[in-house]
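Here are my notebook entries from a look through this model. I began with one helix and then turned to the cysteines.

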Amino acid sequence: MLGPKGKGIWCLWVMLLIFLGYFLPWGISNPVKSQEKSTCISCHTNSRELIKLSQIILKMRPPAKSEETKGEG
Amino acid sequence: MELYEKILVEDEFLETDHGQIPCVDCHGGNPTDSNWETAHKGIIKDPTFPDASKTCGDCHEEIVKLGKSSIHVTLLPYRIIMDRRATADESVKKVLDIAMGNHCMGCHSSCGQCHVSRPHSVGGGFVQGHNFMKTPPMATNCTSCHGSRLEMEFTGKNPGIPGDVHFVKKNMQCVSCHKAGEMHGDGKEYQSMHDVANGPKCVDCHEDAGKAKSKKKVHRLHYETVSCTVCHSLQYKHCYGCHVGKDSKGLPYYQTEKTIMDFKIGLNPTVTEERPYKFITVRHVPTNPGLFDYYVKGGLKNFDQVPTWKPTTPHNIQLKTPQNKSCKKCHKKKKLFLTEEDVAAEEREANRSLIVPKSEIPTQTKKR
């Protein structure tokens, strides 16, 4: 049997657990959650989307290296 | 590597510590814009170059502070060499700066170009889906730049010449010898890579080889007069000539002349306590007085101020080599030494401090 002091401590623990369970997942800002909204992540983790875009980019972009480069650098 | 692979972020990265940082914090751009073209306006491809203070430096303050002086970032030796070779004319120097910007200064690295992606100069692209790699992998982040000479030597890609014993037998990688302290810099602006503190020394592991009381007589006799590579390396690559320009599309190009395999022992032009040797291995580097003629004729008017043969550490170390088989395989062997005949007439003055006079070629073994 718990005495009045023991009951008090037990109640305190329960309240602390409720507090942590309620506030922690939602209250503290979570960068991963915030990144989920980011179009950067949704696009850069989607290989199909990137393949489509890279085809467009390659058409727009000039070749990166000159064909006149010869020899060992 | 396809373009999309270069920019594909792995889900795994988002679970890492670095993956918790919003993209926009380092790369800029607009993460709420669904139009990829406008979303990328102002994007910073490599937020760690030229200054990583506001990105990596937030957590890795000390490394970033010291890293600003790293030769991989500053390319200071290139600048110093070209400055010495250039004419004193300031207007010409400005043109040379542009030329160097177009052709030379892109070959740098940064925190990101070692620990996240391939260096830009070799096409860039994430190595592991934007995951941060504590140790940069050799193939993608070391030999992708240091390929023509070092990789070929180290891994045995030069026909008929075996790879370095440290790689072939022990599977050692670049980082086995070249540690972070050397790569990251120590805050000092070194004028040459040979001066960098914390660089590897053979005697760090092969302690006995560098002692006056070495167990091996051959080490006792040579340890202060001959560098380790003189006895323990094989033929290595020498490149000659280089011209740069821009093609009809405005793209910069370079054209080097001949490349030959050879082994040459020269005089040590800078004898120091660290490198007390009289004889060292030397390599011809791809340069010539007309390097920047496309931009300005005669820009390198003082070309002779800097040698075209350089002290080098061939990366094809072997225990046994043709020249260390016996005393006679090196002593009196004129062809192993860099003599006047090996150096083009127009480059002789520049290389005077490395050319071995015939009288200096060891002719006989002295008993001690």
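Entry 1, a helix start. I found a side-chain oxygen of N46(A) within 3.1 Å of the backbone nitrogen of R48(A), at the start of α4(A). Helices here are DSSP runs of H or I, at least four residues, numbered from the N terminus.

A note on the source: this is a predicted model, where local features need pLDDT of at least 70 and side-chain atom pairs count only at pLDDT 80 or more, while totals for chains, interfaces and linings use all residues. Residues are numbered from 1 along each chain as its sequence is written, chains are lettered from A in the order in which they are written, and side-chain values use heavy atoms, without hydrogens and water.

Entry 2, the length of α4(A). Its 14 residues (47-60) should span 20 Å at 1.5 Å a residue, and the end C-alpha atoms are indeed 20 Å apart. The expected span is 1.5 Å times one less than the number of residues.

Entry 3, its two sides. I listed L50(A), L53(A), S54(A) and I57(A) as buried (under 20% relative accessible area, 1.4 Å probe, protein chains only). They cover an arc of only 110° around the axis, so they lie on the same side of α4(A); the arc is taken from the directions from the helix axis to the C-beta atoms. On the other side, R48(A), K52(A) and K59(A) are exposed (over 50%).

Entry 4, cysteines. I looked for disulfides (cysteine sulfur atoms within 2.5 Å) and found 0 over all chains. For C40(A), the nearest cysteine sulfur is that of C23(B), 4.3 Å away. Why is C43(A) unbonded to its closest cysteine, C40(A)? The sulfurs are 8.9 Å apart, too far for a bond.

Terms used
A polar contact is a pair of N or O atoms within 3.5 Å; within protein, one must be able to donate a hydrogen and the other to accept it, and residues adjacent in sequence count only if both atoms are side-chain atoms.
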